[in-house]
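Here's a walk through one model, strand by strand and then side chain by side chain. Keep the viewer open as you read.

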Amino acid sequence: MKVFRKDEVGQLDYVFDFCDWLTGGDYIADATFIVPPGLDWISSKNTSKTATVWVSGGTQGESYRVDCIVTTASHPPRIAKKSITLEIT
(Lines give C-alpha, C1' and ligand atoms only; values in the text may rest on other atoms or scores of the structure.)
Protein backbone atom coordinates (compact mmCIF):
# COMPACT_ATOMS: atom_id res chain seq x y z
CA MET A 1 0.00 0.00 0.00
CA LYS A 2 1.39 3.39 -0.97
CA VAL A 3 1.75 6.04 1.71
CA PHE A 4 1.46 9.75 0.98
CA ARG A 5 2.03 12.71 3.27
CA LYS A 6 -0.47 15.55 3.07
CA ASP A 7 -0.84 18.84 4.90
CA GLU A 8 -4.17 19.14 6.71
CA VAL A 9 -5.16 22.17 4.60
CA GLY A 10 -4.08 20.63 1.30
CA GLN A 11 -6.57 19.65 -1.39
CA LEU A 12 -4.80 17.10 -3.57
CA ASP A 13 -5.46 14.42 -6.17
CA TYR A 14 -4.37 10.79 -5.87
CA VAL A 15 -4.18 8.47 -8.87
CA PHE A 16 -4.84 4.72 -8.65
CA ASP A 17 -3.19 3.02 -11.62
CA PHE A 18 -4.65 -0.30 -12.82
CA CYS A 19 -2.59 -0.60 -16.05
CA ASP A 20 -0.68 -3.65 -14.83
CA TRP A 21 -3.89 -5.46 -13.90
CA LEU A 22 -6.08 -4.79 -16.95
CA THR A 23 -5.66 -7.27 -19.81
CA GLY A 24 -7.01 -8.08 -23.24
CA GLY A 25 -8.48 -4.67 -24.01
CA ASP A 26 -10.53 -4.58 -20.80
CA TYR A 27 -10.99 -1.14 -19.23
CA ILE A 28 -12.40 0.58 -16.17
CA ALA A 29 -16.13 1.16 -16.52
CA ASP A 30 -16.72 2.49 -13.00
CA ALA A 31 -14.67 3.59 -9.99
CA THR A 32 -15.91 3.99 -6.43
CA PHE A 33 -13.90 5.59 -3.64
CA ILE A 34 -14.20 4.96 0.07
CA VAL A 35 -13.02 8.09 1.87
CA PRO A 36 -13.09 7.78 5.67
CA PRO A 37 -14.60 10.29 8.09
CA GLY A 38 -12.12 13.08 8.75
CA LEU A 39 -11.23 13.49 5.08
CA ASP A 40 -13.44 15.35 2.62
CA TRP A 41 -14.15 13.85 -0.81
CA ILE A 42 -13.98 16.69 -3.36
CA SER A 43 -14.40 14.89 -6.69
CA SER A 44 -13.29 11.89 -8.69
CA LYS A 45 -12.93 10.66 -12.25
CA ASN A 46 -11.61 7.69 -14.12
CA THR A 47 -10.03 6.93 -17.46
CA SER A 48 -9.85 3.52 -19.08
CA LYS A 49 -6.78 2.58 -16.96
CA THR A 50 -6.69 4.92 -13.93
CA ALA A 51 -9.00 6.35 -11.27
CA THR A 52 -8.38 9.66 -9.51
CA VAL A 53 -9.83 11.10 -6.31
CA TRP A 54 -9.41 14.61 -4.88
CA VAL A 55 -9.52 14.90 -1.11
CA SER A 56 -8.94 17.57 1.51
CA GLY A 57 -8.92 17.77 5.29
CA GLY A 58 -7.63 15.39 7.88
CA THR A 59 -6.24 15.90 11.35
CA GLN A 60 -2.55 16.50 11.88
CA GLY A 61 -0.84 13.36 13.20
CA GLU A 62 -3.58 11.01 11.97
CA SER A 63 -3.45 8.45 9.13
CA TYR A 64 -6.35 7.62 6.82
CA ARG A 65 -6.89 4.76 4.40
CA VAL A 66 -8.56 5.60 1.08
CA ASP A 67 -9.87 2.71 -1.04
CA CYS A 68 -10.58 2.64 -4.76
CA ILE A 69 -12.79 -0.12 -6.13
CA VAL A 70 -13.01 -0.47 -9.90
CA THR A 71 -15.35 -2.51 -12.07
CA THR A 72 -14.36 -3.34 -15.62
CA ALA A 73 -16.42 -3.40 -18.79
CA SER A 74 -15.86 -7.12 -19.43
CA HIS A 75 -18.71 -9.63 -19.08
CA PRO A 76 -18.75 -10.78 -16.39
CA PRO A 77 -17.03 -7.70 -14.99
CA ARG A 78 -13.79 -7.93 -13.08
CA ILE A 79 -13.60 -6.06 -9.76
CA ALA A 80 -10.44 -4.94 -7.97
CA LYS A 81 -9.49 -2.75 -5.03
CA LYS A 82 -6.39 -0.69 -4.33
CA SER A 83 -5.72 1.37 -1.22
CA ILE A 84 -3.47 4.21 -0.15
CA THR A 85 -2.67 5.68 3.25
CA LEU A 86 -2.63 9.43 3.80
CA GLU A 87 -0.50 10.64 6.71
CA ILE A 88 -1.53 14.13 7.72
CA THR A 89 1.41 16.41 8.60
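## Ground rules and overall layout

Two strands count as paired if DSSP finds at least two bridges between them. Keep in mind that this is a predicted model. With that said, strand E6 (residues 63–72) and strand E7 (residues 79–88) pair in the antiparallel sense, with nine bridges between them. Strands of a sheet pair through backbone hydrogen bonds, either parallel or antiparallel.

Zooming out, the chain has seven strands and zero helices, so to speak a β-β-β-β-β-β-β pattern when read along the sequence. Its C-alpha atoms fill a box of roughly 45 × 20 × 15 Å along the principal axes. Of the 89 residues in the chain, 36% are buried. As for contacts between residues at least 6 apart in sequence, 62% of them join residues at least 24 apart.

## The four-stranded sheet

Which strands sit next to which? One open sheet has four strands in the order E1-E7-E6-E3, and its pairing is mixed. Strand E1 (2–6) and strand E3 (28–34) are the edge strands, each pairing on one side only. From one strand to the next, the twist averages 25°.

For a spot to click on in the E6 and E7 pairing, try Ile 69: its bridge partner in E7 is Lys 81.

## The three-stranded sheet

There's also an open sheet of three strands, ordered E2-E5-E4 and paired antiparallel. E2 and strand E4 (39–46) are at the edges with a single partner strand each, so one side of each has no neighbour in the sheet. Here the twist averages 25° from one strand to the next.

E2 and strand E5 (residues 50–57) run antiparallel and are joined by seven bridges. Within that pairing, Phe 16 stands opposite Ala 51 in E5.

## Salt bridges across the sequence

How many salt bridges does a search of the whole structure find? The search turns up four. One of them joins the side chains of Arg 5 and Glu 87, at 3.5 Å from N to O. Arg 5 is in strand E1 and Glu 87 in strand E7, so to get from one to the other along the chain you cross 82 residues. Arg 5 is exposed at 62% relative accessibility, whereas Glu 87 is partly exposed at 25%.

Asp 20 and Lys 82 form another salt bridge, with their closest N and O atoms 3.7 Å apart. Asp 20 lies in the loop between strand E2 (11–17) and E3 while Lys 82 is in strand E7, so this pair ties together parts 62 residues apart in sequence. Asp 20 is exposed, with a relative accessible area of 67%; Lys 82 is partly exposed, at 28%.

Then there's Arg 78 with Asp 26, whose side chains meet in a salt bridge at 3.7 Å, N to O. This pair links the loop between E6 and E7, home of Arg 78, to the loop between E2 and E3, home of Asp 26, and the two residues are 52 apart. Is Asp 26 buried or exposed? Asp 26 counts as buried because its relative accessibility is 8%, and the cut-off for buried is under 20%. Arg 78 is partly exposed, with a relative accessible area of 26%.

## Rings with charges over them

The count of aromatic pairs comes to three. In one of them, the ring centres of Phe 18 and Trp 21 are 6.1 Å apart and the planes are at 65°, so the pair is edge-to-face; the cut-off for that label is over 60 degrees. Phe 18 is buried, at 0% relative accessibility, while Trp 21 is partly exposed, with a relative accessible area of 23%.

Which charged ends sit over these rings? The charged end of Arg 78 sits over the ring of Trp 21, 4.2 Å from its centre. The charged end of Lys 82 sits over the ring of Phe 18, 4.9 Å from that ring's centre. Both residues also turned up among the salt bridges: Lys 82 with Asp 20, and Arg 78 with Asp 26.

Notes:
Residues numbered from 1 in each chain as written. Predicted model: local features only at pLDDT ≥ 70, side-chain atom pairs only at ≥ 80, totals over all residues. Heavy atoms only, no water. Phe/Tyr/Trp six-rings, centres within 6.5 Å; stacked < 30°, edge-to-face > 60°. Buried < 20%, exposed > 50% of the residue type's maximum accessible area, 1.4 Å probe, protein only. Lys NZ or Arg CZ within 6 Å of the ring centre and 35° of its normal. Axes fitted to C-alpha atoms, helices over the stretch in contact; angles between N-to-C directions. Contact = heavy atoms within 4.5 Å.
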